[in-house]
Amino acid sequence: MDDPAVPASGIGDTLVDWYDTAARDLPWRRPGVDPWAVLVSEVMLQQTPVARVEPVWHAWVARWPTPADLAAASPAEVIRAWGKLGYPRRALRLRETAVALVERHGGAVPADVAALEALPGIGTYTARAVACFGHGRPQPVVDTNVRRVVARLVHGRAEAGTARAADLADVAALAPADRDRAVRFSVAAMELGALVCVARTPRCAVCPVRDRCAWRLAGSPAADGPPRRVQRFAGTDRQVRGRLLDVLRGAEGPVPASALDDAWGEAVQRGRCLDSLLADGLVEQTADGRFALPA
DNA sequence: CAACCGTGGCG
DNA sequence: TCGCCAAGGTT
């Protein structure tokens with residue numbers, strides 16, 4: 001009856017069992033962490049490594065334990081508390097989300113994916129992550145880790161292509177039927193990509209599904225498409241904006257324009273970046289012409 | 001859809 | 001040393 005060639009359980013169940021033994025003990029995964037704290041963690045984790053998020057997340061959930069608390073904070077406070085996590089517009093949008101939660105959802109975090117996606121800074125990934133990890137709703141959750149896992153495991157390709165709507169269906173097809181296990185599967189797939197099925201040197205020797213991996217069964221072929229281009233940073237507006245904002249974060253109050261000259265020597269680019277920070281609401285100009293974080 | 005939006009650690 | 005990469009979202 002038992003065919004030894006057929007695995008005892010599905011890939012999804014195997015990943016859940018692996019997760020139970022191999023998962024990291026991350027603070028936002030502990031029992032009792034509410035959906036708001038999960039939402040904060042998910043926004044911070046957008047393009048930012050776990051190690052840098054942890055201390056900032058602890059500070060935020062202690063200081064602003066509910067959406068109403070954050071909604072009452074000033075942009076300046078929020079930008080300062082964001083520190084050097086990067087992409088500081090996320091901090092602004094998180095505050096705007098807190099305001100929207102107070103105004104539209106009675107200060108609570110909705111469990112409905114469409115309602116979550118309507119919030120500023122909350123997209124396809126984060127909405128499902130909050131519904132799933134924050135509220136325990138079974139949802140396919142697709143981040144860069146999961147797309148890489150699916151590309152290899154299911155499609156036999158070395159790398160994931162550009163994100164597509166079909167990614168959600170690919171992941172949903174792997175999920176266990178059981179509701180509770182489906183929720184854990186969503187974290188498990190991400191964890192596999194973060195710890196084992198990593199981008200550069202995958203640790204196939206310790207992979208729980210190595211015997212069912214299409215990429216490995218195909219002989220681990222190299223990526224075929226054109227090499228994906230990495231964004232430059234040195235000398236870009238992103239770097240300049242970061243330097244300018246760093247000056248203002250470190251200042252007690254408003255600073256004169258001359259205080260920003262040291263941040264970046266080239267005046268044209270410096271001016272353009274200052275303008276864009278003003279347009280983004282990350283900086284404001286005082287009546288006397290100085291610059292500061294928005295009060 | 002490709003470009004843009006920060007920052008820092010690691011191989 | 002320096003390019004690669006990290007729980008994306010918006011335009």
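Reader: What does a polar side-chain atom of Glu42 meet on DNA strand C, and at what distance?

Author: Glu42 places a polar side-chain atom 3.3 Å from a base nitrogen of DNA strand C. Please keep in mind that this is a predicted model, where local features need pLDDT of at least 70, side-chain atom pairs count only at pLDDT 80 or more, and totals for chains, interfaces and linings use all residues. Residues are numbered from 1 along each chain as its sequence is written, chains are lettered from A and ligands numbered from 1 in the order in which they are written, and side-chain values use heavy atoms, with hydrogens and water left out.

Reader: What makes the Glu42 pair a polar contact?

Author: A polar contact is a pair of N or O atoms within 3.5 Å (within protein, one must be able to donate a hydrogen and the other to accept it, and residues adjacent in sequence count only if both atoms are side-chain atoms). At 3.3 Å, the Glu42 pair therefore qualifies. Gln47 has a side-chain N or O atom 3.0 Å from a phosphate oxygen of DNA strand C, and a backbone N or O atom of Gly121 is 2.8 Å from a phosphate oxygen of that strand. Helices α8 (124-134) and α9 are the elements that give two or more residues to this surface; helices are DSSP runs of H or I with at least four residues, strands are runs of E with at least two, and both are numbered from the N terminus.

Reader: How do you know which residues are near DNA strand C?

Author: A residue is near if one of its heavy atoms lies within 4 Å of the molecule or strand. There are 26 such residues around DNA strand C, with Trp28, Glu42, Leu45, Thr126 and Asn145 coming nearest. On the DNA side, sugar and phosphate make up 65% of the strand C atoms within 4 Å of the protein.

Reader: Which polar contacts does DNA strand B have?

Author: Leu85 offers a polar backbone atom 3.0 Å from a base nitrogen of DNA strand B. Arg89 has a polar side-chain atom 2.9 Å from a sugar or linking oxygen, while one of Arg238 lies 3.4 Å from a base nitrogen. Helix α13 (residues 237-250) supplies the largest share of the surface near this strand, 5 residues.

Reader: Why is Val56 called buried or exposed?

Author: Buried means under 20% relative accessible area, exposed over 50%, and partly exposed in between (1.4 Å probe, protein chains only). Val56 has 17%, so the residue is buried. Val56 sits in helix α3 (residues 50-63).

Reader: What makes the second largest pocket a pocket, and what is its volume?

Author: On a 1 Å grid over the protein atoms alone, a pocket is an open set of points with protein on both sides within 12 Å along at least five of seven lines, whereas in a cavity a 1.4 Å probe fits but cannot get out. Grid points are joined across faces, edges and corners, and the volume is the space filled by probe spheres set on the points; here that is about 470 Å³.

Reader: Which residues line that pocket?

Author: Lining residues have an atom within 4 Å of a point. There are 25 of them, and Arg157, Glu159, Ala160, Gly161 and Thr162 lie nearest the centre. Helix α9 gives the largest share, 4 residues.
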